[in-house]
Amino acid sequence: MRRVLVAGGAGFIGSHLVDRLLARADIERIVVVDNLWTGLRSNLAHTSDYRLSIVQSDTETFQSDIMFDEIYNLASPASPPWYMKEPERTISANVLGTMRLLALLAKGGTFCFTSTSEVYGDPLITPQPESYRGSVDCTGPRSSYDESKRCTEALLFEKSRVQGTNVRVARLFNVYGPRTRPDDGRAVSNFITRALVGQPIVVYGDGRQSRSWGYIDDIVEGLARLFWLTPIDHRGPVNIGNDREISVLEIARYVASLIPGSTIIHVDPVPQDPTNRRPDLTVAHQLLKGWTCWVPYEEGVRRTLQWFRDQALNSAAHQLPQILQTSPNGVAEPIVSATATSMSLAGSHSR
Ligand SMILES: NC(=O)c1ccc[n+]([C@@H]2O[C@H](COP(=O)([O-])OP(=O)(O)OC[C@H]3O[C@@H](n4cnc5c(N)ncnc54)[C@H](O)[C@@H]3O)[C@@H](O)[C@H]2O)c1
């Protein structure tokens, strides 16, 4: 029976990954380590599985008496407003967090890491294959995230080369879906939450910058196949994402079409916002037989909107207008919600 650690398991993607892991019968214990920086305790509130324990801790300082057969490290903010606000903490979460967690990997265990398409920076080729070395500004405003992911990849592949550690690295492209924080700050959730509270949808620049929007269920299916379902003899990162490239403006217009009375405004472009993003999925399709992104963005956005509407029927919903503070230029800025800070340290070993 396997002992599993999921760092960042109270986050958006991490909590969905935990759901998938809990469906496995060969796991005796799953420990979620999460400091609730951007994650929410409520993301795991639906499960009462006795095998799951949640520890509120930074990964960098997490202590454990047991070693783990499988470690999934997702502990890092993924949204630019959050990581740009605390760059040092972001670098620490990725690099130092991974170094600490590697020390807890049992002999012969597997270490899995969610890297990002941001390692390609503002790409000069499209689509981006894993072999593309990227166009990243190591002194730019996004560098804490981009470079700490690149450094962590270096750390893991060097552990693999020098010590034979079994590592699997997914480079995720834009992921969206239920359990994104309302104040997350990324496009799909931002457009939906603002439109739901009657605020204009904010598009940075002309909105022609494109992204590849992967619905959470498809992405978690890809992660499950890469991380544990498929015997893989492959050294190197694997792109996981949707290769249908859609402009930010098209998404904004689609959200607006679903929420009567919505308006769209344009504000200044974000510095160094990548102009395009599209995964080359050749490697993923070779390794993960039959996997693809099945959910078209129209369906995924509708499901995400429905989830936010459902949230609006419970207490958290009434916080939406408060959570979305608006800065002078009309851009939603994240603040830490009461829910995020309410889990006490005394209750850190709770389920
Ligand atoms: N969502 C995307 O579009 C996307 C794209 C590319 C890569 N990724 C990667 O996937 C992972 C998960 O992303 P997400 O969208 O779920 O983000 P998220 O912010 O919802 O989840 C991250 C989780 O990690 C926790 N965390 C952060 N630093 C920590 C630390 N030092 N110690 C313990 N816990 C910590 C947060 O509290 C949160 O629960 C991240 O590593 C991110 O870089 C996400």
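In this predicted model, a nitrogen atom of the ligand sits 3.2 Å from a polar backbone atom of Asn35. Two further polar approaches involve ligand oxygen atoms. An N or O atom in the side chain of Tyr145 is 2.6 Å from an oxygen atom of the ligand. At Val175 the partner belongs to the backbone: an N or O atom there lies 2.9 Å from a ligand oxygen. On its own, the ligand has 820 Å² of accessible area, and the protein covers 97% of this.

The shell around the ligand draws on several parts of the chain. The elements that give two or more residues are α1 (12-22), β5 (105-116) and α4 (143-163). Strand β5 gives the most, with 3 residues. In total, 31 residues surround the ligand. Those that come nearest are Ile13, Asp34, Thr38, Tyr145 and Arg186. Tyr145 thus appears both in this nearest group and as a side-chain polar partner of the ligand. By class, the shell holds 14 nonpolar residues, 12 polar residues and 5 charged residues.

The overall fold was examined next. The chain contains 11 helices and 15 strands. Of its 351 residues, 58% count as buried. Among contacts with a separation of 6 or more, 82% join residues 24 or more positions apart. The exposed surface of the chain is about 14800 Å². Carbon and sulfur atoms supply 52% of that surface.

Helix α7 gives a local view of the buried part of the chain. This helix spans residues 248-258. Its buried residues are Val248, Leu249, Ile251, Ala252, Tyr254, Val255 and Ala256. They pack against both helices and strands. The helical partners are α5 (187-196) and α9 (297-312). The strand partners are β8 (201-204), β9 (210-212), β12 (245-247) and β13 (264-267).

Confidence varies along the chain. The mean pLDDT is 89. A value of 70 or more is reached by 89% of the residues. Residues 323-351 stand apart from that level, with pLDDT under 50 throughout. The model has 74 contacts beyond four places in sequence for this segment. Where pLDDT is low, predicted coordinates should not be read in detail. The contacts of residues 323-351 fall in a stretch where pLDDT stays under 50.

Definitions and conventions. Residues are numbered from 1 along each chain as its sequence is written. This is a predicted model: local features need pLDDT of at least 70, side-chain atom pairs count only at pLDDT 80 or more; totals for chains, interfaces and linings use all residues. Side-chain values use heavy atoms; hydrogens and water are left out. A residue is near a molecule or strand if one of its heavy atoms lies within 4 Å of it. A polar contact is a pair of N or O atoms within 3.5 Å; within protein, one must be able to donate a hydrogen and the other to accept it, and residues adjacent in sequence count only if both atoms are side-chain atoms. Accessible areas come from the Shrake-Rupley method with a 1.4 Å probe; for residues, only the protein chains shown count as cover. Helices (H or I, at least four residues) and strands (E, at least two) are DSSP runs, numbered from the N terminus. Ala, Val, Leu, Ile, Met, Phe, Trp, Tyr, Cys and Pro count as nonpolar, Asp, Glu, Lys and Arg as charged, and the others, Gly among them, as polar. Buried means under 20% relative accessible area, exposed over 50%, partly exposed in between (1.4 Å probe, protein chains only). Contact means heavy atoms within 4.5 Å. pLDDT is the predictor's confidence in each residue, from 0 to 100.
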